[in-house]
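Reader: I'm a first-year student and I get lost when I try to take in a whole structure at once. Could you pick one spot, walk me through it slowly, and add a second stop if there's room?

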Amino acid sequence: MSEILTLVHEGTRTEIPAEAGTSLLDALIAAGENLVSATCAGKGRCGKCRLRASGALSEPSERERSLLSAAELAGGWRLACMTHIEGPARIDRPATTVATILAEGPAIDFTPDPPARWLRLRLSPPTLEEQVSDEERMVAALALLTPDASASPGSAARVSMAALAGLAGAARHDSVEALVRMIPGRGTEVLAVAAVSTADQASRRSLGIGVDIGTTTVVSYLIDLSNGAILGTKSGLNDQRVFGADVIARIQATIERETGLEEQRLRIVSQLTIMAHALLAEAQARSEELVSMAIAGNTTMLHLFAGVPPAAISTAPFPPVFTGLHVGLAPEFGLDLPETSSVFLLPGLSGYVGADIVSGIAALGMAEDPRCSLLLDIGTNGELALGDSGGILSCTTAAGPAFEGAGISMGMGGVVGAIDFVWIEGSRIACSTIGDAKAQGLCGSGVLDALACFIELGLIDGSGRILDAEEAAALGTELASLRQEGETEPRLLVCEGVWLSQGDVRQLQLATAAIGAGIEILIKRSGKSVGEVERVFLAGGFGSFMDVRSAVRVGLIPRGLEDRVVVAGNSSGAGAVAACLSRARLEACDQARARSSYIELSSSPEFNDLFVEHLFFPEQA
Amino acid sequence: MSTLEDISALLQKGKANDVKANVEKAIAEGLSARTILEEGLMAGMNIIGGKFKRNEVYVPEVLIAARAMNAGLVPLKPLLVSSGVKATGIVVLGTVKGDLHDIGKNLVKMMMEGKGLEVHDIGVDATSDKFVAAAKEFNADVVACSALLTTTMNEMKSVVEALRNAGIRDKVTIMVGGAPVTDTFCKSIGADLYSPDAASAAEAAVAACQKSA
Ligand code: B12
Ligand code: FES
């Protein structure tokens with residue numbers, strides 16, 4: 001039977017119909033709402049889908065009673081995934097908080113030479129003597145302008161039907177504007193033709209959008225393809241997050257929900273469409289000025305975007321359906337954008353080293369540089385690449401979401417009230433919060449700092465154990481006062497009301513060991529030593545915000561590399577921008593892919609031993 | 001300290017060679033193989049297990065303690081066999097199909113061995129048929145499945161079904177575990193026991209074997 005679920009937010013009410021018996025989470029998903037993040041994909045384990053709800057609802061389940069305190073339950077807090085609708089009910093929407101999301105990519109420096117762009121072509125006038133079609137006159141004009149693209153025999157430009165229709169009206173003038181696509185190795189195509197803009201109209205610009213679809217965050221950059229200027233940026237949390245926080249959960253949703261793939265595809269397609277329209281509107285662009293959209297992202301995200309079932313990626317041996325470069329037009333992907341806008345799905349390497357890493361390698365020029373560099377993208381999945389112009393080795397190591405603040409007792413995203421930095425002042429511990437607000441928890445960089453500080457202060461020993469009360473007392477009363485006996489285990493106070501528990505430290509040990517061991521394997525397998533690594537590129541949100549010294553202190557990054565760190569920001573997004581802007585960079589993605597090889601850690605005999613070694617924190621410097 | 005207490009203390013510290021030397025010493029002192037096993041080696045592993053459960057020690061400490069236990073078992077094994085000391089129970093343990101995570105499974109194995117269980121590890125990516133075949137071959141009391149991926153968890157259900165189809169469902173206790181597994185999930189697939197960590201898993205397995213004995 002259908003019931004009404006009312007969402008109340010700052011005085012406004014939204015009513016959504018919901019079947020009795022469904023969970024609040026499913027009802028929200030069905031209504032297209034993104035109120036909560038279902039970090040454990042609705043398994044009742046993470047407690048991140050909490051919200052305040054009242055009305056005819058199921059009794060709090062066992063899971064809810066263990067994850068929510070008695071006070072929270074009394075205050076109406078529930079887990080959306082565990083609470084079922086029994087009749088009319090309401091949800092109080094939390095006040096919106098803006099996530100601090102990384103939208104800055106590294107500056108890239110090269111000459112624009114976009115693979116898709118509007119070109120003005122001067123046509124030879126038609127004459128009675130020479131009976132030549134408009135199409136032939138246009139192709140000839142194009143060949144003059146782009147000698148390299150049409151040099152090889154048989155590579156005369158192909159002209160689409162839509163372009164012919166446009167040509168009919170435009171070719172009576174001596175010049176036309178043609179939307180031309182030149183992809184290395186795929187010849188030249190004319191996708192649209194229009195009359196030259198009139199005198200009172202600015203001539204058509206060529207604009208591109210570079211997109212990075214992250215599991216957590218989606219970023220779009222609007223680029224002026226004539227000069228490489230970034231005209232605008234839009235970013236937001238991935239709208240698929242209600243299906244779970246990590247790629248496995250998203251894949252699982254495609255397996256368990258009949259429409260899971262289509263629902264997720266629609267969400268990302270509409271999110272990208274909305275971002276694109278907002279960017280174009282702000283840049284006062286005419287829609288046909290958008291000529292290309294290059295998309296980077298991990299392999300699962302690209303499968304979901306393309307509507308290709310990713311199921312196999314989730315179980316050994318993890319085969320993806322595709323990893324190569326795919327070129328198409330906006331409507332083929334369901335994007336509500338000009339029919340003639342090209343879409344480039346950038347190439348990846350394997351199920352877990354995707355186009356995000358490959359485009360990062362290309363954007364940073366790693367595969368063309370004789371200097372050895374290490375690229376670290378630390379998220380739920382740590383993706384690592386190491387190498388130089390001689391070749392690149394990459395691997396993925398499942399760190400888990402600890403550094404995104406998930407699975408940590410006081411962990412939270414990078415929102416207002418999260419402790420983002422922690423440091424030692426004398427023998428005290430000090431911290432800052434996002435928005436200078438009252439501290440409510442720790443985001444990834446805060447978790448890392450807190451861990452490093454407590455190790456440095458000696459409150460956590462090399463094996464990851466929090467000292468017992470007696471041992472702590474020996475460190476002096478000030479430090480000893482940071483140690484508290486929690487309900488089931490000891491914990492260390494970062495500031496009043498915010499702590500790191502013994503269990504949290506264990507989770508962080510798993511995450512650092514997975515990455516630390518992954519780096520060591522890459523260095524070993526490439527026959528290099530730590531000293532030979534000349535640059536360390538830190539990509540992604542966490543890499544850009546984290547304190548490198550803390551990362552070294554806990555063993556996430558090998559000691560000796562701290563001075564070689566370059567914050568690469570959103571290198572995946574930068575690679576996508578570069579691909580819109582330059583044929584050479586688009587080709588570099590393919591080359592980076594060709595020069596890279598992948599190490600599967602699940603089957604590396606040495607991984608387990610290294611992993612266990614890395615569970616220990618390094619000795620003091 | 002008695003030699004037995006030494007064995008337990010050294011095992012907890014992971015001193016493999018010293019544990020072995022002290023087991024030899026205890027044998028020379030005329031202690032029975034069963035006493036050395038239960039009051040020396042197993043006592044030490046028990047303490048490690050308790051600390052692990054409370055998060056006071058972690059994976060590496062358990063691994064080195066288990067290594068020390070194995071070193072101590074070298075001189076003891078022949079005596080255990082000749083004096084007819086039987087395992088507390090027989091366990092078939094593996095990581096399910098599609099899943100290659102084995103660190104947690106290995107800890108479970110060590111803790112179970114530390115409780116005197118005979119564990120047959122069928123490795124990772126093990127199909128339900130493999131579980132069934134091993135359960136029959138070794139006449140197992142317990143079939144224990146590990147899974148670390150939310151997508152491979154469902155394979156555990158196939159193991160339960162395969163055991164049922166093979167007609168040995170009621171002869172074995174089915175245990176499930178791994179980070180994403182919960183008690184609710186265990187019940188929903190018709191398995192018997194869930195434990196959140198390796199030490200509790202070993203205790204539960206011993207209890208299950210005693211009940212069925
Ligand atoms: C180490 C690790 C790896 C190593 C595995 C090495 C190995 N040979 O085992 C490597 C790097 C190879 C790896 C690979 C992958 N991993 Co991984 N991995 C981890 C990590 C960091 C730690 C797991 C671990 O060893 N924990 C320590 C042990 C001691 O704990 P445990 O396994 O939970 O076991 C304890 C209990 O659960 C219990 N127990 C275990 N088994 C059993 C059995 C029974 C019967 C009982 C009663 C109890 C029991 O006792 C144990 C001890 O107390 C986790 C993240 C995390 N924080 O947990 C991710 C994680 C499990 N991996 C994950 C993923 C996605 C993968 C990959 C698919 C993708 C990738 N990124 O590479 C691959 C595929 C591998 C495959 N198909 O199996 C995800 C799973 C997400 C999900 N939703 O399911 C996790 C959670 C990380 C994440 N959030 O992204 N991984
Ligand atoms: S507890 Fe509900 S999604 Fe994790």
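Author: Let's start with the ligand and then move on to a helix. Just so you know, this is a predicted model, where local features need pLDDT of at least 70 and side-chain atom pairs count only at pLDDT 80 or more, while totals for chains, interfaces and linings use all residues. Residues are numbered from 1 along each chain as its sequence is written, chains are lettered from A and ligands numbered from 1 in the order in which they are written, and side-chain values use heavy atoms, with hydrogens and water left out.

Ligand 1 sits between chains A and B. Its shell has 44 residues (each with a heavy atom within 4 Å of the ligand), and the closest are N381(A), L100(B), H101(B), D102(B) and S146(B). Sorted by class, that's 25 nonpolar, 15 polar and four charged residues. Here Ala, Val, Leu, Ile, Met, Phe, Trp, Tyr, Cys and Pro are nonpolar, Asp, Glu, Lys and Arg are charged, and the others, Gly among them, are polar.

Now zoom in on some atom pairs. On the chain A side, a polar side-chain atom of T396(A) is 3.3 Å from a nitrogen atom of ligand 1. Over in chain B, an N or O atom in the side chain of D99(B) lies 3.0 Å from an oxygen atom of ligand 1, and a polar backbone atom of G178(B) is 3.5 Å from a ligand nitrogen. Among the elements giving two or more residues to the shell are strand 18 (391–398) of chain A and strand 3 (142–146) of chain B; helices (H or I, at least four residues) and strands (E, at least two) are DSSP runs numbered from the N terminus. Helix 5 of chain B gives the most, with four residues.

Second stop: helix 8 (residues 299–306) of chain A. Seven of its eight residues are buried (under 20% relative accessible area, 1.4 Å probe, protein chains only), so this helix is largely enclosed by the rest of the structure. The buried ones are T299(A), T300(A), M301(A), L302(A), H303(A), L304(A) and F305(A). What covers them includes helix 6 (247–256), helix 7 (260–282) and strand 13 (290–297) of chain A.

Check the ends too. N298(A) caps the N-terminal end of helix 8 of chain A, with a side-chain oxygen 3.1 Å from the backbone nitrogen of T300(A). After the helix comes G307(A), whose phi is positive, near 75 degrees.

Conventions:
A polar contact is a pair of N or O atoms within 3.5 Å; within protein, one must be able to donate a hydrogen and the other to accept it, and residues adjacent in sequence count only if both atoms are side-chain atoms. Buried means under 20% relative accessible area, exposed over 50%, partly exposed in between (1.4 Å probe, protein chains only). Contact means heavy atoms within 4.5 Å.
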